[in-house]
Amino acid sequence: QVQLVESGGGSVQAGGSLRLSCAAFGYTYAYSCMGWFRQDPGKEREGVASIYSSGGSTYGRTYYADSVKGRFTISQDNAKNTLYLQMNSLKPEDTAMYYCAANPWVNANSCYSASWSNGGYWGQGTQVTVSS
């Protein structure tokens, strides 16, 4: 049974940093798209970043939403089966519940589409709150 467990959320002041982690238990797919979404109440869900890996190595292609480019970095540790999101220069508008998602049924080209997570696995989320 696959389980994605996020951690690392919290409350920080604007300009601060957080690193989110997503441990993928029971997730043994060699080819997979993984990434992060966020959603604040009353707003639409937003794709934040995604990355495609194959056989334990990434394709080197990552996707970032325009709103986080230059501030957030997605990475993964295949040995630990863990996905990360390093968030720097946080802004109040980054406040949201952040969700980890994984989908082994899309290819590398689809990993950067708006719908790549459809039919995949989701975590329960971790809250990020940025105060001004």
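# Strands, cores and loops

Trainee: Let's start small: which residue in β8 stands opposite L20?

Mentor: Look at strand β3 (residues 18–25) and strand β8 (residues 82–87), which pair in the antiparallel sense over 6 bridges. Strands here are DSSP runs of E, at least two residues long, numbered from the N terminus, and two strands pair if DSSP finds at least two bridges between them. Opposite L20, in β8, you'll find L85.

Trainee: Before we go on, what pLDDT do local features need in this model?

Mentor: Residues are numbered from 1 along each chain as its sequence is written, and side-chain values use heavy atoms, with hydrogens and water left out. It's a predicted model, so totals for chains, interfaces and linings use all residues, side-chain atom pairs count only at pLDDT 80 or more, and local features need pLDDT of at least 70.

Trainee: OK, how many helices and how many strands does the chain have?

Mentor: Read along the sequence, the pattern is β-β-β-β-β-β-β-β-β-β-β. A helix would be a DSSP run of H or I, at least four residues long. The tally is 0 helices and 11 strands.

Trainee: Which strands stand at the edges of the open sheet?

Mentor: The open sheet has 4 strands in the order β1-β3-β8-β7, with antiparallel pairing. Each edge strand has a single partner, so one side of it is left without a neighbour in the sheet. The edges are β1 (3–7) and β7 (72–77).

Trainee: And what's the average twist from one strand to the next in the open sheet, β1-β3-β8-β7?

Mentor: The axes are lines fitted to C-alpha atoms, and angles run from 0 to 180 degrees between N-to-C directions. From one strand to the next, the twist averages 15°.

Trainee: Moving to β4, which residue is the bridge partner of Q39 in β9?

Mentor: β4 (residues 31–39) is mostly covered, with 7 of its 9 residues buried, meaning under 20% relative accessible area (exposed is over 50%, partly exposed in between; 1.4 Å probe, protein chains only). It pairs in the antiparallel sense with strand β5 (residues 46–54) over 8 bridges, and Y31 stands opposite S54 there. β4 also pairs with strand β9 (residues 96–103), again antiparallel, over 7 bridges. In β9, the partner of Q39 is M97.

Trainee: Which residue takes a positive phi near 90° in the hairpin of β4 and β5?

Mentor: That hairpin has 6 residues between the strands. The residue with the positive phi is G42.

Trainee: Which residues touch the most other members of the largest nonpolar core?

Mentor: A nonpolar core is a set of buried Ala, Val, Leu, Ile, Met, Phe, Trp, Tyr and Cys residues joined through side-chain atoms within 4.5 Å. The largest one has 28 residues, and β3, β4, β5, β7, β8, β9 and β11 (126–131) each supply at least two of them. Apart from it lies another core, of 9 residues, among them C33, Y52, A101 and W116. Back in the largest core, the ones touching the most other members are W36, L85, M87 and Y98.

Trainee: In the loop between β7 and β8, which residue has a positive phi of about 55° without being a glycine?

Mentor: S89, in the loop between β8 and β9, is another non-glycine with positive phi, near 50°, and at 41% relative accessibility it counts as partly exposed. The one you want sits between β7 and β8 and is partly exposed too, at 29%. It's N81.

Trainee: Is A108 buried or exposed?

Mentor: A108 is in the loop between β9 and β10 (121–122). N109, found in that loop as well, is exposed, with a relative accessible area of 59%. For A108 the relative accessible area is 11%, so it counts as buried.

Trainee: Last one: what radius of gyration does the chain have?

Mentor: The radius is taken over C-alpha atoms, and the globule rule is 2.2 Å times the number of residues to the power 0.38. The C-alpha trace spans about 40 × 25 × 25 Å along its principal axes, and 43% of the 132 residues count as buried. With 132 residues, a compact globule would come out near 14 Å, and the chain agrees, at 14 Å.
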